[in-house]
Amino acid sequence: MLDWRNIDTVLLDMDGTLLDLHFDSYFWLEHLPRRYAELREMEPTAAREWLHQRIIRDQGTLNWYCLDYWSAELGVDIAALKREVAERIAFRPHVQDFLGRLRQQGMRSVIVTNAHPASLGLKLQETGLDQMVDAVVCSHDFRLPKEDVAFWQRLQEVEPFNPARTLLVDDSLPVLRSAQRYGIAHLLTIVQPDSQAPARSIDEFRAIDRFDDLFPEDEGEH
Ligand SMILES: [Mg+2]
């Protein structure tokens, strides 16, 4: 389905692409409301509804991903609360094999993530993902989310790539649109970013379910 001969760089999103988005959904929708209600001595349902309304106001901005912002806004230590449920951080299927295969084929593999440095650090510590790729780039270092087309220009400065020979895999459609505007030629999204949520039906970009579908068996001969 992909012609790997036309690709030499693979940019990979982390949450919902390499890692199961269920950790993040569980944290923001279950664990945080429960702990927030305890810490603030609030009624759990009221805490959940208030948090939900508050959090969606910042969707699509860099603040949305910023643990410092939420710690200050909500008055709780978000990074510490995330560590309480760190054992739930998990790979999506076949990711380790896929990353090994990219290495084997001599392709440059780079994680590009909107995750906050504290969240990124926790996930790398739990999974060892940084040992499986060539580089990890965090959008907070540029103060630009991947949804902003200027992100890709800034990425060029630290991680030069030829957009015509680059593949981006990302579960976020707004991110894929911004990469497309920048000129990244090969774009793939993920059918089921959260293992506990329903599969999505997507027409706008090619969507994969399993990473092992990307390297058909005979490809290894090239
Ligand atoms: Mg993602």
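**Close-up views of the predicted model**

**View A. The loop at A164 in the predicted model.** A164 sits in the loop that links helix 7 (150-158) to strand 4 (166-169). This residue counts as exposed because it has 12 C-beta neighbours inside 10 Å, and the cut-off for exposed is 12 or fewer. A185 is 21 residues from A164 in sequence, yet the C-alpha atoms of A164 and A185 are 5.0 Å apart in space.

**View B. The open sheet of six strands.** The strand order is 3-2-1-4-5-6, and the pairing is parallel. Strand 3 (135-138) and strand 6 (206-208) form the edges; each has a single partner strand, so one side of each lacks a neighbour in the sheet. On average, neighbouring strands of this sheet are turned by 25° against each other, direction ignored.

**View C. Pairing of strand 1 with strand 2.** Strand 1 (residues 9-12) and strand 2 (residues 108-113) run parallel and are joined by four bridges. T9 has R108 in strand 2 as its bridge partner.

**View D. Helix 8 on the sheet strands.** Helix 8 (residues 173-182) lies across strand 4 and strand 5 (186-190). Relative to strand 5, helix 8 runs at about 180°.

**View E. The contact between domain 1 and domain 2.** The protein chain is divided into domain 1 (4-20 + 90-221) and domain 2 (23-87), with 26 Å between their centres, taken over C-alpha atoms. Contacts involve 18 residues of domain 1 and 13 residues of domain 2. On the domain 1 side, helix 6 (residues 117-127) supplies the largest share, four residues. By class, that side has eight nonpolar, four polar and six charged residues.

Terms used. Residues are numbered from 1 along each chain as its sequence is written. This is a predicted model: local features need pLDDT of at least 70, side-chain atom pairs count only at pLDDT 80 or more; totals for chains, interfaces and linings use all residues. Domain bounds come from an automatic or database domain assignment. Two residues are in contact if their C-beta atoms, placed from the backbone, lie within 7 Å. Helices (H or I, at least four residues) and strands (E, at least two) are DSSP runs, numbered from the N terminus. Ala, Val, Leu, Ile, Met, Phe, Trp, Tyr, Cys and Pro count as nonpolar, Asp, Glu, Lys and Arg as charged, and the others, Gly among them, as polar. A residue is buried if 20 or more other C-beta atoms lie within 10 Å of its own, exposed if 12 or fewer, and partly exposed in between; C-beta atoms are placed from the backbone. Two strands pair if DSSP finds at least two bridges between them. Axes are lines fitted to C-alpha atoms, for helices over the stretch in contact, and angles run from 0 to 180 degrees between N-to-C directions.
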